[in-house]
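Reader: Could you take me through the cysteines in this one, and then the nonpolar packing around them or elsewhere? I'd like the cut-offs spelled out as you go.

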Amino acid sequence: MHHQQRLNDEIESVKAIILGLLSQSTHPTHQNLLCILTRTSNEEWLDIAAQQLGTEYNPLIERMNKLEAAISQIDIGQYGYCCDCEEKISAQRLEQDPAAQRCDQCAS
């Protein structure tokens, strides 16, 4: 559960960063998207954000995708296993990045 909480916390943190950036913008499109995202459920949030945000948001969207993928792996019992070789990912690697998808060897 420790990793799941860290993943959920980071998702909320990335969402807050995105919403903060949108709220600082005076562009009407950003203000409209801000309104939409603040009323959107978690299940649809990432899809809407990914479709409507510009490329400058890509690193944040990519991170959220990785975090969501890790949570999905927890849900299906595959968390902590390398997506390439299916060996266990080291505890140290998961502590460094709970969204890690590859073991040390495959990540190299």
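Author: Here is a walk through the cysteines, followed by the helices and the core. Keep in mind that this is a predicted model, where local features need pLDDT of at least 70, side-chain atom pairs count only at pLDDT 80 or more, and totals for chains, interfaces and linings use all residues. Residues are numbered from 1 along each chain as its sequence is written, and side-chain values use heavy atoms, with hydrogens and water left out.

Let's start with the sulfurs. There are zero disulfides here, a disulfide being a pair of cysteine sulfur atoms within 2.5 Å. Take C82: its closest cysteine sulfur belongs to C106 and sits 3.7 Å off, so that's too far for a bond. C106 isn't in a disulfide either, since the nearest cysteine sulfur, that of C103, is 3.7 Å away.

How exposed are they? Buried means under 20% relative accessible area, exposed means over 50%, and partly exposed is in between (1.4 Å probe, protein chains only). C82 is buried at 2% relative accessibility, whereas C106 is partly exposed at 28%. C85 is partly exposed too, with 33%.

C85 lies in the loop between α4 (58–76) and α5 (91–96); helices are DSSP runs of H or I, at least four residues, and strands are runs of E, at least two, numbered from the N terminus. Contact means heavy atoms within 4.5 Å, and setting aside neighbours within four places in sequence, C85 is in contact with C103 and C106. R39 is another matter: 46 residues from C85 along the chain, with 40 Å between the C-alpha atoms.

Back in helix α4 you'll find Q73, which is buried with a relative accessible area of 14%. Not counting residues up to four places away in sequence, Q73 touches Q78, Y79, Y81 and Q101.

Now the greasy part. A nonpolar core is a set of buried Ala, Val, Leu, Ile, Met, Phe, Trp, Tyr and Cys residues joined through side-chain atoms within 4.5 Å. The largest one has 27 residues, and I18, L22 and L53 touch the most other members. Two or more residues come from each of α1, α2, α3 and α4, with α4 giving the most, six. Leaving aside neighbours within four places, L53 is in contact with I18, L22, L33 and I61.

L33 also turns up in helix α2 (residues 28–38), whose buried residues are L33, L34 and L37. Down the axis of α2 these fall within an arc of 105°, so they line one face of the helix; the arc is that of the directions from the helix axis to the C-beta atoms. Their cover includes α1 (2–24) and α3 (42–52).
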